[in-house]
Each structure stands twice: as structure tokens, then as C-alpha cells.
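The following note is offered to a colleague who has the sequence and the coordinates at hand. The points are numbered so that each may be checked in turn.

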Amino acid sequence: ISSRLSRRTDRPPVYVLRPSSPFRLGWDIFGSFLIGCDLLIIPVNLAFTPEESHFLTVLSVLAVVFWTADIFLTLRTGYYTHGAEELRPCKIAMTYLRTWLLFDVGVVF
């Protein structure tokens, strides 16, 4: 039995999500909703400086919590490379560190 997890496997480690899993799809849809809210709310806030509202405060906190959790979730979500699903945790982490991590941290903080 090989100690290395192959690129293609029927069962990834329990802590690795498949990129096409229903949970990840729902997570990405909710992230798209938050981006859409930001696209509407940020220009309005900059142009008109509306009064603080409970809804906007809750939405802001929810967005920060979501995007922070997204960093950790992305560290454990496989990806596709050359048509193959990559599910090895080390490869996933290294690819994320070299590509989107800096941007994601900048968005959250």
C-alpha cells in the first residue's frame, strides 16, 4: 500500500473537500451573494454616507467571518489541474500559498 495519496482517488482524506462537492458549491454561491452585496453597498456608502443600520453591521461582520473561514476552507479544498482532481493536502496548501492566499488575506484584513 502506497503511503502517498495519488492525484486521482476515489476517497480523499476526510478533511479534504472535493472542489465539486455540494457543500463547496453552496459555499461559493453564498460567497458570490456577499460579493454582490458589496458591489451594491460600497458605492452607496461612499456616495451618500447613510446612517448606520443594524442590517449593514450584521452583514459586514458576517462577511468578515465568512471570508476568514474561506481561507481555511480553501486550504482544504482540492482543485483541478490538467483535467485531474488534486486532493493531496500538501499540494493543495502549496498551490494556495503560491496563488490566492496573499490576495485573500488582503481582502479580509
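In which loop is the place of His82? Point 1 takes up this question, and the later points move on to other parts of the chain.

1. Two residues with positive phi. His82 is placed in the loop between strand E1 (79-81) and strand E2 (84-86). Its phi is positive, at about 55°, although His82 is not a glycine. The relative accessible area of His82 is 78%, and the residue is therefore exposed, the cut-off being over 50%. Thr49 is likewise not a glycine, yet has a positive phi of about 45°. Thr49 belongs to the loop between H1 and H2, and its relative accessibility of 64% counts as exposed.

2. Confidence. The model is predicted, and these backbone details should be read with that in mind. The average pLDDT of the chain is 90, and 91% of the residues score at least 70. Over residues 1-6 the pLDDT stays under 50. For that stretch the model has six contacts beyond four places in sequence.

3. Aromatic pairs. Six aromatic pairs are found when the whole structure is searched. In one of them, the ring centres of Trp27 and Phe66 are 4.3 Å apart and the ring planes stand at 25°, so this pair is stacked. The pair links distant parts of the chain, with Trp27 in helix H1 (residues 22-48) and Phe66 in helix H2 (residues 54-74), 39 residues apart. Trp27 and Phe66 are both buried. One aromatic cluster is formed by Phe23, Trp27, Phe30, Phe33, Phe66 and Trp67.

4. Phe66 in its setting. Phe66, in helix H2, has a relative accessibility of 6% and therefore counts as buried, since the cut-off is under 20%. Leaving out residues up to four places away in sequence, Phe66 touches Trp27, Phe30, Gly31 and Leu34. By contrast with these contacts, a C-alpha separation of 19 Å lies between Phe66 and Ser20, which are 46 residues apart along the chain.

5. Gly31. This residue lies in helix H1, and at 4% relative accessibility Gly31 counts as buried. Neighbours within four places in sequence aside, Gly31 is in contact with Phe66 and Trp67. The C-alpha atoms of Gly31 and Val65 are separated by 11 Å, and the two residues are 34 apart along the chain.

6. Asp70. Which residues are in contact with Asp70, leaving aside its neighbours within four places in sequence? They are Arg24 and Trp27. With Arg24, the side chain of Asp70 makes a polar contact of 3.5 Å. Asp70 lies in helix H2, and its relative accessibility of 8% means that this acidic side chain's residue counts as buried.

7. Glu85. Strand E2 holds Glu85. Is Glu85 buried or exposed? At 14% relative accessibility, Glu85 counts as buried, because the cut-off is under 20%. The side chains of Glu85 and Arg18 are joined by a polar contact of 2.3 Å.

8. The largest pocket. About 920 Å³ of space lies in this pocket. Its lining consists of 36 residues, and those closest to the pocket centre are Ile35, Asp38, Ala63, Trp67 and Val107. The elements that contribute two or more residues to the lining are H1, H2, helix H3 (89-98) and helix H4 (101-108). Trp67 thus appears in two places in this note: it is among the residues closest to the pocket centre, and Trp67 is also a member of the aromatic cluster.

9. The segment before H1. Arg11 has its place in this segment. At 71% relative accessibility, Arg11 counts as exposed. Between the C-alpha atoms of Arg11 and Thr77 the separation is 13 Å, and these residues are 66 apart along the chain.

10. Points to carry forward. For the contact between H1 and H2, the stacked pair of Trp27 and Phe66 may be inspected in the display, together with the polar contact of Asp70 and Arg24. For the low-confidence stretch, residues 1-6 have a pLDDT under 50.

Key
Residues numbered from 1 in each chain as written. Predicted model: local features only at pLDDT ≥ 70, side-chain atom pairs only at ≥ 80, totals over all residues. Heavy atoms only, no water. pLDDT = per-residue confidence, 0-100. Contact = heavy atoms within 4.5 Å. Phe/Tyr/Trp six-rings, centres within 6.5 Å; stacked < 30°, edge-to-face > 60°. Helix = DSSP H or I, 4+ residues; strand = E, 2+ residues; numbered from the N terminus. Buried < 20%, exposed > 50% of the residue type's maximum accessible area, 1.4 Å probe, protein only. Polar contact = N/O pair within 3.5 Å; in protein donor to acceptor, adjacent residues only side chain to side chain. 1 Å grid on protein atoms, 1.4 Å probe; cavity = no way out; pocket = protein on both sides within 12 Å on 5 of 7 lines; lining within 4 Å. Points joined across faces, edges and corners; volume = space filled by probe spheres on them.
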